[in-house]
Amino acid sequence: MGYTLCVLGCGTMGIAVLSGVVESLDATSRLQNGFAAKWESHTPGTLTPVGAPDDTTPTRFIACVNREESARKLRNVFDGLGALGGDIEVVAAKNLKAVQEADVILLCCKPQLAHTILGEPGIKEALAGKLLISILAGVTINQLCGWVGTSVKVIRAMPNTPCKIREGMTIVSNLQPSDDYEKDHEIILKIFSSIGRCRFLDEKHFDACTALSGSGPAFACIFLEAMADGGVMMGLPRADALEMASQTLQGAARMVLQSGTHPAQLKDAVTTPGGCTIAGLLAMEDGRVRSTIARAIQIATDRASELGQPKV
């Protein structure tokens, strides 16, 4: 049982998704042998597949790249993922053969290369009737359908890089009604829920999702680095400051996710009259930190809408 998952254009995001999926399946094996993964007990919204593989569980993986040099690097990356990582097939310049052998195709190339890859001779025919999941920022479902035809079941997904450690956030476009709706829905959930949280939204929200969860880890790292720098400024060793800042942000985020409490309530709970927290908060308001972060999301959203679109 099981199906073949092919990743076309296996770059940073393709590696992240494949690594997370393989890790989730490897975790299943560890759990069945009596070993519990530490994060499993405290990561709500992330599911580990259980039971024997069925036709909604990937059991064969093909990672496609353009050059043999890239293929060698990928093999080294996947070989370090454990037993299942070594089973990932990495191929160079063999997109057509990989798509022909696959059941589900994950399109992870750069947006500007999508038309070229999908336009390769034979690709359109090889995709017919299959599920094509695109993670390309700015490339719409209508565009993709125009390139591959209406016989292909096309959806969009927007995962982020923490998928690699199964802490991802993925937004998936709503599926169109079909005879395979339930099966396709389960396939998608098993892929993306195994590597983090997964939510279905209308495609019109995808540019904002690209900015918020796709680019968001980079924005969060700026804030994280700034917190650590502040600790170093006040005399803390760099390693200790970075560890404290990282765990503090992770803990705050988990409190929001697990309790459903609004961030403002959590903020107020640690802000005592005349204390150090309110002094620091006022300094942040002076620096317009809140509006700057919100504007970063706005500007990144506008930029995301331009990606994958033809130059005029």
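# A guided reading of the predicted chain

Of the 312 residues in the protein chain, 39% are buried, a proportion that, like every value discussed here, comes from a predicted model. In terms of secondary structure, the chain has 13 helices and eight strands. The radius of gyration is 21 Å, close to the 20 Å that the globule rule gives for 312 residues, so the chain is as compact as a globular protein of that length. Taken along the principal axes, the box that the C-alpha atoms fill is roughly 70 × 55 × 40 Å.

The contacts and the surface add to this overall picture. When contacts between residues at least 6 apart in sequence are considered, 70% of them join residues at least 24 apart. The chain exposes about 16,800 Å², and carbon and sulfur atoms supply 59% of that area. As for charge, there are 29 positive and 32 negative charges, and the mean positions of the two sets lie 4 Å apart.

From the chain as a whole we can turn to single residues, beginning with strand β1, which covers residues 3–8 and contains Thr4. Thr4 has a relative accessibility of 9%, and it therefore counts as buried, the limit being under 20%. Leaving aside residues up to four places away in sequence, Thr4 touches Arg60 and Ile62, and it also touches the run Glu101, Ala102, Asp103 and Val104.

Gly122 offers a view of a loop, namely the one between α4 (114–118) and α5 (123–127). With a relative accessibility of 26%, Gly122 counts as partly exposed. Its C-alpha atom is separated by 9.4 Å from that of Lys97, a residue 25 places away along the chain.

Two further loops hold arginines with positive phi values. Arg166 lies in the loop between β6 (153–158) and β7 (168–173), and its phi is near 65 degrees, a positive value in a residue other than glycine. Arg288, in the loop between α12 (276–286) and α13 (289–304), likewise is not a glycine and has a positive phi, of about 55 degrees. As regards accessibility, Arg166 is buried, with a relative accessible area of 0%, whereas Arg288 is exposed, with a relative accessible area of 59%.

The cysteines remain to be considered. A disulfide is a covalent bond between the sulfur atoms of two cysteines. A search of the whole structure finds zero disulfides, and the distances around two of the cysteines show why each of these is unpaired. For Cys163, the closest cysteine sulfur is that of Cys198, at 9.5 Å, which is too far for a bond because a disulfide requires the two sulfur atoms to be within 2.5 Å. For Cys221, the closest cysteine sulfur belongs to Cys163 and is 15 Å away, so this pair too is too far apart for a bond. The surroundings of these two residues can also be set side by side: Cys163 is buried, with a relative accessible area of 0%, while Cys221 is partly exposed, with a relative accessible area of 46%.

Methods
Residues are numbered from 1 along each chain as its sequence is written. This is a predicted model: local features need pLDDT of at least 70, side-chain atom pairs count only at pLDDT 80 or more; totals for chains, interfaces and linings use all residues. Side-chain values use heavy atoms; hydrogens and water are left out. Helices (H or I, at least four residues) and strands (E, at least two) are DSSP runs, numbered from the N terminus. The radius of gyration is taken over C-alpha atoms; the globule rule is 2.2 Å times the number of residues to the power 0.38. Buried means under 20% relative accessible area, exposed over 50%, partly exposed in between (1.4 Å probe, protein chains only). Contact means heavy atoms within 4.5 Å. Accessible areas come from the Shrake-Rupley method with a 1.4 Å probe; for residues, only the protein chains shown count as cover. Lys and Arg count as positive and Asp and Glu as negative; His and the chain ends are not counted. The place of a charge is taken as NZ of Lys, CZ of Arg, CG of Asp or CD of Glu.
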